[in-house]
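Please explain how this chain is organised, from its overall dimensions down to individual strands and helices. A guided description in formal terms would be welcome.

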Amino acid sequence: MEKKNLVVVGYGGMGGGYHAAKAIEKGVVNLLGIYDIDPAKSELARSRGIFAYDTYEDVLSDDRVDIITVAIPNDRHFERVTRALEAGKHVICEKPVAMSSEEYAKMVECAEKNNCVFSVHQNRRWDVDFLAMKQIYNSGEIGKIFNYESRIHGSRGIPSDWRGEKEHGGGMLLDWGVHLIDQALQLFKQKITGVYCKFIHTTNFEVDDGYKLYIYFEDGAQAYIETGTFNFIALPRMYMQGDKGTTLITDWREKAKVTVCKHWHESDVIPVQTGAGLTKTMAPRDSITVDEYEIERPTADVYDFYRNFCDVIDGKAELIVKSDEVMRVMKVMEAAFKSDELGQVVAFEE
Ligand SMILES: NC(=O)c1ccc[n+]([C@@H]2O[C@H](COP(=O)([O-])OP(=O)(O)OC[C@H]3O[C@@H](n4cnc5c(N)ncnc54)[C@H](O)[C@@H]3O)[C@@H](O)[C@H]2O)c1
């Protein structure tokens with residue numbers, strides 16, 4: 001099969017720094033050029049030997065273009081994506097795909113009507129820390145999972161660009177939350193019954209500069225997801241509890257630590273001193289009753305996203321990032337906004 005021709009719309013951090021650069025580096029797709037509304041970005045691309053279209057119409061009317069990747073601020077996705085689909089182009093859109101589930105439904109409908117492949121760049125499904133958790137989750141080695149915690153903590157505040165502005169779809173829930181929710185829902189396939197979210201506004205009162213979010217599932221399991229931008233000491237990246245063991249990933253660079261309970265009962269628990277008191281309940285387990293080990297970090301190539309997208313165009317595969325999965329994430333984010341506004345758990349119907 002011939003390589004597909006790609007045009008990247010938006011030559012900023014992600015469009016220029018990832019999509020265009022990786023297209024050249026990986027050679028899976030052929031980068032025809034870029035389009036950006038900012039002439040300075042077009043000049044920058046040209047200075048790097050990349051063709052820059054003068055207008056979006058020029059991109060859409062170029063019959064050579066197979067795929068358009070849209071990497072621009074979130075509130076502008078809808079217009080660029082639907083016009084590309086109407087012009088018969090296959091489209092990859094950056095996350096969060098849309099400003100609402102309603103908007104996203106219209107995009108999906110437009111793709112179907114025009115017989116085009118359309119997917120969302122949920123690249124963090126290839127994060128190695130997440131893949132380690134997924135491996136443990138699916139292996140059953142820590143039993144039935146009842147609690148999953150996923151945190152990302154930084155200490156630089158929210159970026160001072162469009163991410164700090166509501167009208168552009170700013171805020172950390174839409175920025176990082178969309179990834180962490182997507183990861184969690186790759187594990188928990190059971191029905192969601194409720195969502196609770198509390199936004200943090202440390203310096204930004206227009207959008208959240210952090211949030212704490214719970215997703216509740218019908219079997220009693222819960223996923224806790226948090227992003228913070230004022231965490232000068234970060235809490236561990238991931239923590240997962242099953243009824244037979246626990247998993248911890250302290251940092252995205254570290255291996256997953258697993259502790260599995262071999263024997264529930266211990267004959268003689270020796271009380272330990274904690275603070276000003278003694279406890280047996282909280283005494284650490286000994287090596288007779290638990291196995292402790294680390295698992296190797298899985299290997300992954302995030303460019304499989306593009307390989308899969310091209311295979312789908314050729315009718316050789318199904319999309320990895322499917323529209324019903326993206327819709328589920330959009331609806332959880334909407335429920336999170338509602339929950340923060342109401343200050344209560346919001347019921348979720350599936
Ligand atoms: N998947 C990821 O890991 C990841 C990481 C970062 C950003 N993103 C997403 O990528 C998108 C872009 O983010 P960014 O960090 O690259 O932003 P950015 O501000 O660095 O770049 C955006 C670019 O889009 C251009 N632009 C704005 N409106 C346009 C329009 N209507 N048509 C054409 N060009 C337009 C701007 O001139 C700018 O060059 C966002 O949706 C963001 O959430 C995803």
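**A walk through the predicted model**

Helix α1, which spans residues 13-26, makes the greatest contribution to the shell around the ligand, supplying 3 residues. The model under discussion is a predicted one. In it, 24 residues surround the ligand, and those that come nearest are Gly10, Gly12, Gly13, Met14 and Glu94. By character, the residues of this shell divide into 9 charged, 8 nonpolar and 7 polar.

The setting for this site is a protein chain with 9 helices and 16 strands. Its radius of gyration is 23 Å, close to the 20 Å that the globule rule gives for 350 residues, so the chain is as compact as a globular protein of that length. Along the principal axes, the C-alpha atoms fill a box of roughly 75 × 45 × 40 Å. Of the 350 residues, 36% are buried. Among contacts with a separation of 6 or more, 69% are between residues 24 or more positions apart.

Attention may now turn to the strands. An open sheet is formed by 9 strands in the order β15-β12-β11-β10-β6-β9-β8-β7-β16, and its pairing is mixed. At its edges are β15 (residues 290-295) and β16 (residues 346-347), each of which pairs on one side only.

Within this sheet, strand β10 (residues 238-242) can be followed in some detail. One face of β10, made up of Met238, Met240 and Gly242, is covered, whereas the face with Tyr239 and Gln241 is uncovered. Strand β6 (residues 145-153) runs antiparallel to β10 and is joined to it by 5 bridges. In this pairing, serine 150 stands opposite methionine 238 of β10. Strand β10 also pairs with β11, in the antiparallel sense and over 4 bridges. Here glutamine 241 has threonine 246 of β11 as its bridge partner. Strands β10 and β11 form a hairpin, with 2 residues between them.

The path continues from β11 (residues 245-249) to β12 (residues 256-261), and these two strands pair in the antiparallel sense over 4 bridges. Leucine 248 has lysine 257, in β12, as its bridge partner.

Helix α8 offers a view of how a helix is placed against strands. In α8 (residues 304-313), the buried residues are Phe305, Tyr306, Phe309 and Cys310. These four cover an arc of only 130° around the axis, which puts them on the same side of α8. The spacing follows a general rule: an α-helix has 3.6 residues a turn, so residues three or four places apart point the same way. The buried residues of α8 pack against two strands, β4 (residues 90-93) and β5 (residues 118-120).

Which degree of exposure does arginine 307 have? Arginine 307 also lies in helix α8. It counts as partly exposed because it has 15 C-beta neighbours inside 10 Å, whereas a residue is buried at 20 or more and exposed at 12 or fewer. The C-alpha atom of arginine 307 is separated by 25 Å from that of asparagine 138, which is 169 residues away along the chain. Just after α8, glycine 315 takes a positive phi of about 75°.

Key. Residues numbered from 1 in each chain as written. Predicted model: local features only at pLDDT ≥ 70, side-chain atom pairs only at ≥ 80, totals over all residues. Rg over C-alpha atoms; globule rule 2.2 N^0.38 Å. Contact = placed C-beta atoms within 7 Å. Arc of directions from axis to C-beta. Near = placed C-beta within 6 Å. Nonpolar A, V, L, I, M, F, W, Y, C, P; charged D, E, K, R; others polar. Pairing = 2+ DSSP bridges.
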